[in-house]
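Hi,

Here is the structure I said I would pass on. Have a look at it first, and my notes follow underneath.

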Amino acid sequence: MLGVPLLVTALLAGACGDGGENDGGDAGPGATSAAPAPTAAAPSASQSSGGRVTIPRSAFADLPPELRKTDAQPMEVTDALPGLCDQEFRSGGRSVTASAAMMSTYKQPKDPPENVPYGTLHQTVFAFEGTGAADYLRRVRGAVADCRSFPASGGTVTVRSEPMARTGDEALLVTVSRPATGLDGSPAEGRTTSQILVIRVADAVTVVHDQGWEGTSNDPGLADDVARAAVRGLDSWQR
């Protein structure tokens, strides 16, 4: 990632920050703090440990128009990352140089404009140095494999993980099934599913949490579309 030009955007600058502090991990000596929002786009550069790394808005997934319901907006990394048995997706390492998160909503291709969103995407991007990105994927893969199920209100949450072939440099798909609840949080019949995509491209990793709208199930059939959009974003920054 050395020497790759980065574009600092006013919208995302406030969301970029210390990879350890924002997500509960240990802050490293090369981790960045939030950059002040510039009045116009300005070039920056990824540097070695101790230099500033800024994650551009273009590094995030940009869904095709037929799926996009609302544009992505910055959010806190700690709010974007999912939690299962424990804090499986926190960076927890000193090799993180930056992290940022965005939230967007999506729709089905044939949904009329007046419909509510079909689901939400909470996406986090981590920038690493050294072998940090590959190490993160290895740690997450092991932690998720150890979390087959856990108790929750109304029953048991089950977790299943599998590799995603031909997605970035390496990728993991996690499917979570939990007891359904009503809008008020009361138990309902059946179960709902959500999915978590963890994708590495070069020295960056993205975690995309795909959830149905207001407690409903996501559409597993859109996982490949979301993954392709996420890879395009990381590719545009890392390659």
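A disulfide, in the sense used here, is a pair of cysteine sulfur atoms within 2.5 Å. One thing to keep in mind throughout is that this is a predicted model. By that cut-off there is one disulfide, and it joins Cys85 to Cys147 with the sulfurs 2.0 Å apart. The link between Cys85 and Cys147 is right-handed, with 85 degrees about the S-S bond. Cys85 sits in the loop between helix H3 (77-80) and E4, while Cys147 is in the loop between helix H4 (132-145) and strand E6 (149-152), so the bond ties together parts that are 62 residues apart in sequence. The two ends differ in cover: Cys85 is partly exposed at 40% relative accessible area, whereas Cys147 is buried at 1%.

Now the overall picture. The chain has five helices and 10 strands. Of its 239 residues, 49% count as buried. If you take the contacts between residues at least 6 apart in sequence, 69% of them join residues at least 24 apart. The chain exposes about 11,000 Å², and carbon and sulfur atoms supply 51% of that area.

On to the interior. The largest nonpolar core has 30 residues, and those with the most contacts inside it are Ile55, Leu63, Leu197, Ile199 and Trp237. The elements that give it two or more residues are E4, E5, strand E8 (170-181), strand E9 (187-201), strand E10 (204-212) and helix H5 (223-238). Helix H5 makes the largest contribution to this core, with seven residues. Apart from it lies another core, this one of 26 residues, and Leu84, Phe89, Val176 and Ile196 are among them.

Next, the charged side chains. The structure holds seven salt bridges, and I'd start with the ones around Arg200. Which side chains does Arg200 meet in salt bridges? One is Asp169, at 3.7 Å from N to O. Asp169 lies in the loop between strand E7 (155-163) and E8, and Arg200 in strand E9, so this pair ties together parts 31 residues apart in sequence. The other one to look at is Glu170, where the N to O distance is 2.7 Å. Glu170 is in strand E8 and Arg200 in strand E9, so here the parts tied together are 30 residues apart in sequence. Salt bridges that share partners join Arg141, Asp169, Glu170 and Arg200 into one network. As for cover, Arg200 is buried, with a relative accessible area of 17%, while Asp169 is partly exposed at 37%.

Another salt bridge links Glu162 and Arg160, with the closest N and O atoms 2.9 Å apart. Both ends have some access: Glu162 counts as partly exposed at 32% relative accessibility, and Arg160 counts as partly exposed at 47%.

Then the rings. The count comes to four aromatic pairs. Tyr106 and Tyr118 form a tilted one, 6.3 Å centre to centre and with 40 degrees between the planes. Tyr106 lies in strand E4 (residues 96-106) and Tyr118 in the loop between E4 and strand E5 (119-128), so the pair ties together parts that are 12 residues apart in sequence. Is each of these two rings buried or partly exposed? Tyr106 counts as buried, at 2% relative accessibility, and Tyr118 as partly exposed, at 31%. Elsewhere, ring pairs link Phe126, Phe128 and Tyr136 into a cluster.

One last spot to check on your screen is Gln73, in strand E3 (residues 68-75). Gln73 is partly exposed, with a relative accessible area of 41%. The C-alpha atoms of Gln73 and Ser104 are separated by 6.5 Å, although the two residues are 31 apart along the chain.

Cheers

Note on methods: Residues numbered from 1 in each chain as written. Predicted model: local features only at pLDDT ≥ 70, side-chain atom pairs only at ≥ 80, totals over all residues. Heavy atoms only, no water. Helix = DSSP H or I, 4+ residues; strand = E, 2+ residues; numbered from the N terminus. Buried < 20%, exposed > 50% of the residue type's maximum accessible area, 1.4 Å probe, protein only. Contact = heavy atoms within 4.5 Å. Areas by Shrake-Rupley, 256 points an atom, 1.4 Å probe, with all protein chains shown as cover. Phe/Tyr/Trp six-rings, centres within 6.5 Å; stacked < 30°, edge-to-face > 60°. Core = buried A, V, L, I, M, F, W, Y, C linked by side-chain atoms within 4.5 Å. Salt bridge = Lys/Arg side-chain N within 4 Å of Asp/Glu carboxyl O.
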